[in-house]
Structure formats: structure tokens, C-alpha cells
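Me: I would like a close look at one part of this structure, followed by its surroundings. Please keep the wording plain.

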Amino acid sequence: MKLKVNYFSKWLLLVMALGLCNFAIGQRTVKGTVIDESTKEPLIGANILVVGTSTGTITDFDGAYSLNIPENAKQLEISYTGYSPKTIAIGPGDVINITLSAGELLEEVVVVGYGSVRKTDATGAVTSVTEEDFNKGVITSPEQLIQGRAAGVQITTASGEPGAGVNIRIRGTSSVRGGNNPLFVVDGVPLSGDNTQSSGQDAGVGSSSARNPLNFLNPNDIASIDILKDASATAIYGSRGANGVVIITTKSGKSDKGVLDYSYSLGISNITKKYDLLGRDEFLDAYASFNGATAAAALDGGADTDWQDEILRTGLTNNHNVSYGSGNESGNYRFSFGYFDQEGILKGSGLTRYNARFNGSKKFINDRLTIGTQITIASTNDQNIPITDNSGFEGDLLGSALKANPTQRVRDAAGKLVQPGTTEPNPVAFLELSKDFTNTLRALGNLSAELQLFEGLSFKTVIGFDQSVSSRKAAFSRDLVSPQVNTRGRLFLNDIEIDNKLWENYFTYNKDFGNISFTGLLGYSYQSFDYADKGFEFVNFRTSDLDLMINNFASVDLNNADRSLAARNSSNTKDELQSYFGRVNLGFADKYIITATLRADGSTRFGGGNKYGYFPSFAFKWRLIEESFVPDFFSDLGLRIGYGITGNQEIPHNLYQPRQRYNDYDINDGSALDGGGLASVAFANPNLKWETTSQINIGLDFSFFNHRLSGSLDYYNKNTNDLLIKVTSAQPAVAEFVWDNLDADVVNTGVELSLNLVAVDKNDLKWEIASNVAFNKNEVQNFGGLINTGDIDGQGLTGAFAQRIAEGQPLFAYFLREFAGYDAEGISVYEGGDVQKFVGKSPIPKVNAGLTNTFGYKNWDFSFFFNGQFGNYIYSNTANAYFTAGSLANARNVTKDVVGNGESNLNAPDVSTRFLENGSFVRLQNVSLGYVVNTKSTSVISSLRFFVSAQNLFVITDYSGQDPEVNVNKALNDVPSLGIDYTAYPRARTITIGANISF
């Protein structure tokens, strides 16, 4: 399948032509300045428009403007964010000076599904984050822009790897098997959430997770991100709204005269914390304490090698963005191009992305018809290294570096890599003798037409597409001494193709009936999801050249007596979602607001007995500020109450019909062919149905002292039931397992508080504080079963697990032996005996918080941002697998705390609270300093800003691992885990310098 962008390029060319239409030229010139009425300071970027025309301009650095206007022009309209707009008459003079008043705050608008509303009229729990509040620095994907910025939204990347996968939880974790991430909607197109590139295949050191599918979006193109949190806000998206909805709106052209923007930044990244491993002499002494001085002398390789330093580097990130846009009341357009190149702090890793985007719209037929489009194309190259989720005791790249003998040389005298054996791989050999990369081409876009049928009634149709082609190639040289690779070499090829289509049609009606305002929405949506993948495996290469292995299959020795080639497997699925939706908003005297929503979704992912799901919601807002009994010091006060039901359809394809498929083929360590047998995928269950989440929300919006202090307080209770799970049948049975809905509930209850304070607002000095905190309690209720997860890897840990889902516990609660110390022989002692039990600890944070301070002084701006989470625990599979006395006695390096801790080398590394640690942290996530240059001496440059920013400057935590913000995929029997650390890619501290310039 080829990426079908040619079909849509016709739309792009059409709207480009429309957007570049010439505008009328005026016949005389007026000029003047626009200033603040109270401070007399110039207003930079104020909009001046000739009423009744598309002619306009914006003010410069000094608040000055010059505008050519028609001779018959009568009025100018002046507007500026945060100020009341003003319309003034045009006199015979050529100078018109204007003052604007900030006395009336302009209404903030938030984006909701299929429309937008004034924030004061929003009945649901919605948080809007705009460009000025985004996180700064090296930002790979959109969700990093808002990390820590919204109450009740927890964003955790799996590791510090460029483009790593991400977990986003809005108001807690609700699902066991279904997806827990929210629905992302980009310029009106809902994304499927599927992985767009392959996870890594197991070449003897484990498999890795796929990268973040949102990496294709350029953060520099994003204007705002709106987060819909409660059911009354998300029910309009029905079966995909249970975990919240994140609406991304990209930038459009604004200035009538056209603005060319260019930005460049250079990021410099280094590791924040290395593991405190034994040095050469410490290692030999500690080894001798178990095995004697003679054995230690024999082990001594004569070197003093810091294996962490051998695989680490300073990573550089180059980010270029250029855009050009223009616009007025009749239309707008914006082109943008981006180049992003990030080196990871581990050698050989990185991400390179090329982006192109066009947004445009144009009005026709006396402004009754609006045609618009948003299209983005991105080419992404991921450079992968062998860091995996489930390596054995041999270790992946990082695991082998942690346990490698520090007296061992990297290379011998001849410069050849020293490789002691398959169980003790040389970490540098992993880097130099493997090559793994993924190329992904993705296009996302839409074409829309909106027609005003008559006053108040409009009809909009949207055609959208989301297509991608991804190819991953991973080669391991025959020279690499490692399991499954040694002397033979291995190559894995994996391709994924996605072709998703969208067609939506909806009517919107707005009408005021006296003091009653009415807004109605009625629509239909159809979306299809085509997904195809295939994989191949090659073994027994006649060359060690990695490029030749990847590009020339003739290098495979097909005459070898052993198996050399296998088509691992392939698949092709199609799912469809058909929906009908409606929403009614009623406002009474601008005081009482009611919102009612209903969506009916039909999905091919569910059986005939439950093909359609129905998702209603109801919300009420009382604008208390309109009541006479509210004291004058309130600027705004409103009470919200909402209830709704949403669904979760993020499950695998067709689990309700009896289905079989052939297992993946694999060439094993002995070059024999494994797999390929026919196995059951699903057994009959025509009543398989949606996971559903019911949620009640009570919120209070408030503002004091002319909006100097504002915020919101929300309470929610969120109950998810009919949890989808794979249930194993007691044998013998006709069906060995069945996909079913658990008769259980997952309940999240919490409180969220957001506060914003304008602490100082003087002529030259401004200080604003924004903070948020969220409290959440998660509990499994009404469940009579037990489900284990949290697979733990390492020597002697086969079959070990660390988490269990059970009644009365939070999801993924830790289920461990309770470590009580060592006995006189150095053997672990456990409270209550050598049995696993619930220990009252959870990987789910009880509290999430963020704090931002923003300062402005004359041309300088400065901000710093803290975020943190509290009450969660991390299980260190890394320490469990590598940092024990038994590992040290077997000539593997360990952290310094292992030496002299009383443990015997005969002690079993059982799964226990010994490796469970408090994961709470406070992080100085972002610091930014900028300076705006006065450009009034030149007419070419309209604005110029230099900046320097720092990310992850420090973290305060008791966690002994590399970083407490970690979540490696340790699923067991298709049940995901949470909060487990296992040789995760380390996090970096990054300093960024750059400049933004506009012409």
C-alpha cells in the first residue's frame, strides 16, 4: 500500500490558491498608535481593521500602525487580547490615536467536541492550555507541552529515550485490558491510538515497546490543547471518551500583511544520574570477600572501565521551524516546515523528523460558505538501540553495562572488541555490531465545508484521513557474541501500514428566544480503521557488514543446512465505527445553563448482541455571579454539576467470534524453525460489550478582585464496569479461554484544584502564578477473582510477578513478600513467612501537582515550573535482577549499597518489598529566560526574541534508581502493568538556547 496523499493534494492546491488571492488596496493612508488607557503603554500586535472590508494591519513594537484605507471607509475596529474591542469613526485627518481599556476581560473560549464555548458557559470540566503556557525546551511530542499543566492529568513517558512511549491518565487509571490513554482529536480528526511502528523483535536480549505514535506532530504548529475530563464534556465522543479527550488545535494565519516566522534552538543533553556502581578496586575487593583473593586476581582484566561512560554521550538537538501566514475576516492560510534532530544520551539512539503543514480557509457566497483544510505530512526516522522491556539475566545494552566487570577492557591490544561470552556481552559491542532503525511516513488531514443555510443554522461536512507507512529494520552482526546471534547474525524486518478514513456531517443551530439562548447540534460520523503488518526474519549471514545485511538479502547463506529465512507472520484487519450524536445547550437569562448530550456508537469490534452502545450525559451550570447576593469582590462565580456515561472500545479486532490463526514463525537459537501452529485467538461470545464509565462531577469556578485571582475546584466519582479481560477456563473445557466482560468495578474518586494569581501587574513588572493539584483514590470493587501481572525478569525469577488485581485494592496493587531483613546466614526473612501478599502499596499516585511562576520586566521574561507526584511506589526490577550479593559473587558488578548489607551470595533474589521504593518526587521541570529585542530601528524585522531554557534541572526523590518517572511494559498474559522499572533508558538534563524572529 502506498501513502495516498496525492488524492488530498488537490484540496491543498485549491485552498492554497484561494488563500493567496489578492486583497484590495486602499487609496489613502492613516496612521497612529494604540496604547493602554490606564498605563499609557503601547500595545504590540493590536489588530486594526476597516469595518466592512478585509483591510487591516497590526501595531508594531511601539504600538504604531500605518494603514492604507479606501476613501469611502467610515470606521476602524480595534481589538487586542485581554482588552475590550473599540470601533471609532474615521475623520478627515491622517492621524488616529487609539486607547483601549482593560476594564472588561475578553471572554476566553474553550474548544469542546464539534464546537467551542465561552469558558464562563462551559458546563463540563475542561482545561485549556495555550501556547504561552506550554512547556519549553526540547519537546518531541504534543503531550509534553502540557505535562504538569492541568489538574488531574498525569503524563508519564516510559523512559528518557527520544520519542519513547507515553502513558496519559486523566482522572486515574480505569481499564485493565482496554486502552487507558485518552482520545486525541487533531483539528477535528480523532486518532485511532494504534501503534504506527513496530516494537522490537527479540534477538536474544528481549523485545522493546513501540515509540509514541504522536511523534509525527510538530509541537511548534500547535496553538492550543483542550482537555475534556468529565463525562458531560466527553460523552459527545461516546465509545472513545471514557479516558478523557485531548483536542489539539493547530495554528492558522492571522495578520493581513503576512508574517514570516523562523525559530532555531540548540539543545544540549546529559544524563542526570548514573548508577553508583563499584569501581575497579571496590569490585575486586568485594568479589574476593565471596570467592577469595586468588579468584579475584584471576578475574582482574587489568582495566578500569566505566561501562556507563562507554555507552553515554552528550546529546545535541537541532530544531528549525519556519512558517508564513496571513489572514483576515474572509480567509487565512499558513504554511510551516520543521526539521527536528535529537541525539539521545545513549550512543546510537535518536530521532529525526521532517514536517510540512498547511492550514487554510476561505469564505465564499457573501461569507456564507467556508471551505477549510488542515494537512500535515511527517517523515520520522527513529534510531533504536537494544534497550528492551524483558531481557534475561544476560542483559540488554543498559543491563550489560550495569553488571559488566569494571576490570574488563573494551578492546584488546589489537583494537578488537573483547567479548567474554554470550552470558556477559560487551555493551560497546551491542552498539557497534547492531543497527536498528525505523522510517515512518505519516499524513493527517481534513477538508471541510460549512454552509450557513439561513440565520442561525449551518451545516458542516468533514472528510478526514490518517495514513502511515512504517518500516523497521534491525540487524545484528554475526560478530556479536550474544544469545541467538553469535557466529550467524540476524535480521528482522517489520512493516506496518495504516489507512484510517473519516466522514462527518452535522447541523448546528443557534437562536436566542428573548432571554433564552439555544444551541443545537445533530450529526453523523463514520470512521474506518485499516491496519496491516508483516514481518520477516533472516539468519546465517555470510557477511558482518550491517548495511549489506539490511540492503542485500543475497548476503544470507541460503545453502546453509540450517534454517536461514522465515516469514514470521502477517495480518490485515479492518474495523468500523458508525455514530449518531446530538447536543443541546440551553441558557436562561445568562444565569442558568443546561447541556444534554447523546451519542450512539456502532462498532464492528463487538458482538451482535451489543453492536451499538448509547452514551448520554447531562450537565447544569448556575452562574452565581449574576445573582445579587454574591459579594462585589467576586469577578466570576459559577457552580457546575454533570453526569454522563462514556465507553471504551480500544480492544483488539473481533474477539467475539471463534477465530484461529497461525502463530508467528521464529528461528530459534539452534537455527530450527519454531511456531507456525494453528492456535485459537478467540472463542464465541456474541454478548461481548463495551467497557462503560459513569461519572459525576461537581465543580466551582471562581474569580476575585477583577480576575486577579481565579481558579476552579472539582470533585468527581468515576466508575468503570464491564471490564474487558481474557478469562482462562478450567481444564478440561471446550474453550480454553474466552474474552469476556468482568463483573467488577474500577472506581476513581478525586478532587482537583487549579489556581491562577496575577501577583504583580505594574507598568514594567509582571508576576503571575499558576498552580494545580489533584487527589485521586483508585479501587477495584465487586470483583471475586484474582488477576496477576507485573512480570519480573532476571536469573532465578522465571514465572515471578509483582502485582495483582483484586477486590478492595487499587489497580495493579503490589503483591509481594514483605522483606524484614536477613538472618544470621544472610538469607532473607519475610514477615508472615515466605508468601506473597498485598503490602498496601500502589503504583498509582495519590497526588499530582504543578506550580508555575512567570515574570516579565520590560523586555525580559522569566519562568520556572515545578511538577510532582506523591503516594506512588516503584518496583525496581533492575535492582532485583542485577544488584544482589549473588550477582556480585558471580563476577557481575553491583551498586555500592549491596556490599556489606548482610546478604549472603546464596540468598535467592525473591520478589519482595526489598526492591519496592517510594516513587514520590518533586522536579524542577522547566526554567526559561527570554529577551525581546527592540526592533523599531528596522522595518524588516517585526520581532526578535532570544531565549535560554533548562529542562529537568533537578529532582527531589527517595527513589534510588535513575529516575522515578518510569513505566516499563511488564505485561503478563496480556494484562498490562504499571510502575515497574527495568533497565529503562535514562533521563537527561537539557539546556536549550535559541531565537525566534518574525519579518
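How much space lies in the largest cavity?

Reply: The model is predicted. In it, the largest cavity holds about 520 Å³ of space. The count of cavities of 30 Å³ or more comes to 10.

The lining of the largest cavity is made by 33 residues. Those that lie nearest the centre are Val138, Gln144, Gly160, Gln951 and Arg987. Four elements give two or more residues each to this lining: strand 19 (331-343), strand 48 (921-932), strand 49 (943-957) and strand 51 (988-998). By residue type, the lining divides into 18 polar, eight nonpolar and seven charged residues.

One place to go from the lining is phenylalanine 866, which lies in strand 45 (residues 860-870). Its contacts, leaving aside neighbours within four places in sequence, are Ala849, Gly850, Leu851, Val922, Arg923, Leu924, Gln925 and Phe954. Val922, Arg923, Leu924 and Gln925 are among these contacts, and strand 48, which spans 921-932, also gives residues to the lining of the largest cavity. Phe954 is another of the contacts, and strand 49, which spans 943-957, is likewise one of the lining elements. Phenylalanine 866 itself has a relative accessibility of 23%, so it counts as partly exposed, because the buried class ends at 20% and the exposed class begins over 50%. From phenylalanine 866 to glycine 350 there are 516 residues in sequence, and the C-alpha to C-alpha distance is 27 Å.

Phe866 also belongs to a cluster linked by ring pairs, together with Trp767, Phe855, Phe862, Phe864 and Phe954. The structure has 37 aromatic pairs by the rule used here. One of them joins phenylalanine 704 and phenylalanine 705, with 5.9 Å from centre to centre and 35° between the planes, and this pair is tilted. A pair of aromatic rings is described by these two kinds of value, the distance of the centres and the angle of the planes. The two residues of this pair fall into opposite classes of accessibility: phenylalanine 704 is buried at 16%, whereas phenylalanine 705 is exposed at 52%.

Next come two residues with an unusual backbone label. Lysine 858 sits in the loop between strand 44 (847-857) and strand 45. Its phi is near 50°, a positive value in a residue other than glycine. Lysine 858 has a relative accessibility of 55%, so it counts as exposed. Alanine 891 is in the loop between helix 10 (885-889) and strand 47, and its phi, near 70°, is positive too. Alanine 891 is buried, with a relative accessible area of 18%.

Strand 47 leads to a sheet. Three strands form an open sheet in the order 47-46-50, and the pairing is mixed. Strand 47 (916-918) and strand 50 (980-981) each have a single partner strand, so one side of each is left without a neighbour in the sheet. Three bridges join strand 46 (residues 873-876) to strand 47 in the antiparallel sense. Tyrosine 875 has leucine 916 in strand 47 as its bridge partner.

A second open sheet has five strands in the order 10-15-16-13-14, again with mixed pairing. Its edge strands are strand 10 (126-130) and strand 14 (189-190), and each pairs on one side only. Strand 10 runs antiparallel to strand 15 (residues 222-228), with five bridges between them. Valine 129 stands opposite isoleucine 225 in strand 15.

Strand 12 (residues 166-170) gives a picture of cover, as five of its five residues are buried. In a regular strand the side chains alternate between the two faces of the sheet. Here, Val166, Ile168 and Ile170 are on one side and Asn167 and Arg169 on the other, and both faces are covered. Strand 11 (residues 153-157) and strand 12 run antiparallel and are joined by five bridges. Threonine 156 has asparagine 167 in strand 12 as its bridge partner.

The last residue is threonine 597, found in strand 27 (residues 592-603). Threonine 597 has a relative accessible area of 6%, so it is buried. Leaving aside neighbours within four places in sequence, the contacts of threonine 597 are Ser232, Ala235, Ile236, Gly582, Arg583, Phe615, Pro616 and Ser617.

Key
Residues are numbered from 1 along each chain as its sequence is written. This is a predicted model: local features need pLDDT of at least 70, side-chain atom pairs count only at pLDDT 80 or more; totals for chains, interfaces and linings use all residues. Side-chain values use heavy atoms; hydrogens and water are left out. On a 1 Å grid over the protein atoms alone, a cavity is a set of points where a 1.4 Å probe fits but cannot get out, and a pocket is an open set with protein on both sides within 12 Å along at least five of seven lines; lining residues have an atom within 4 Å of a point. Grid points are joined across faces, edges and corners, and a volume is the space filled by probe spheres set on the points. Ala, Val, Leu, Ile, Met, Phe, Trp, Tyr, Cys and Pro count as nonpolar, Asp, Glu, Lys and Arg as charged, and the others, Gly among them, as polar. Buried means under 20% relative accessible area, exposed over 50%, partly exposed in between (1.4 Å probe, protein chains only). Contact means heavy atoms within 4.5 Å. Two strands pair if DSSP finds at least two bridges between them. Rings of Phe, Tyr and Trp (its six-membered ring) pair if their centres lie within 6.5 Å; planes under 30 degrees apart count as stacked, over 60 as edge-to-face and the rest as tilted.
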